[in-house]
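Hi,

Here is the model I said I would send over. Have a look at it first, and then read my notes below.

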Amino acid sequence: MAEKVKAYELRTKSKADLMKQLEDLKTEMSQLEVAKTRGGPASKWAKISVIRKSIARVLTVISQTQRDNLKVFYKNKKYKPLDLRPKKTRAIRRRLTKFEASKKTLKQKKKDMHFPMRKYAIKA
């Protein structure tokens with residue numbers, strides 16, 4: 001189990017398989033830590049970094065698949081969790097929407113209706 005795990009291989013697995021693999025990696029990591037403190041061979045010390053990175057890969061794939069599933073779930077909902085909304089900038093997020101900006105008051109509608117833009121015929 002000392003070889004590197006590949007992210008593309010992890011993406012094909014189910015969540016239960018990923019959790020099982022994570023448990024296996026964590027137990028192996030604890031055994032390597034014990035071997036290091038007891039003064040085991042240097043070859044085991046090198047495996048520690050490989051296992052740590054493998055654990056990180058598994059956790060990353062789990063969180064990414066979970067996030068993708070949430071994106072699908074909230075696709076056409078009115079409200080989304082904050083971390084699924086577009087970040088942009090604070091000013092852009094608070095700006096009026098295009099619909100809100102194009103709305104006119106009743107007074108403005110009446111003014112536009114009764115006093116339209118004048119049309120002039122220009123002699124060339």
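Starting with the surface: the protein chain has about 11,200 Å² of accessible area (Shrake-Rupley method, 1.4 Å probe), and 58% of that belongs to carbon and sulfur atoms. Keep in mind that this is a predicted model, where local features need pLDDT of at least 70, side-chain atom pairs count only at pLDDT 80 or more, and totals for chains, interfaces and linings use all residues. Numbering starts from 1 along each chain as its sequence is written, and side-chain values use heavy atoms, with hydrogens and water left out.

On charge, there are 37 positive side chains (Lys and Arg) and 11 negative ones (Asp and Glu), with His and the chain ends not counted. The centres of the two sets lie 17 Å apart, placing each charge at NZ of Lys, CZ of Arg, CG of Asp or CD of Glu.

The fold is six helices (DSSP runs of H or I, at least four residues) and zero strands (runs of E, at least two). As for overall shape, the C-alpha trace spans about 95 × 35 × 30 Å along its principal axes. The radius of gyration over C-alpha atoms is 30 Å, while a compact globule of 124 residues would be near 14 Å (2.2 Å times the number of residues to the power 0.38).

Inside, 15% of the 124 residues are buried (under 20% relative accessible area, 1.4 Å probe, protein chains only). The largest nonpolar core (buried Ala, Val, Leu, Ile, Met, Phe, Trp, Tyr and Cys joined through side-chain atoms within 4.5 Å) has 13 residues. L10, L18, L25, M29, I51, I55 and V58 touch the most other members. Two or more residues come from each of α2 (15-37) and α3 (42-73), and α3 gives the largest share, six.

Cheers

Definitions and conventions. Buried means under 20% relative accessible area, exposed over 50%, partly exposed in between (1.4 Å probe, protein chains only).
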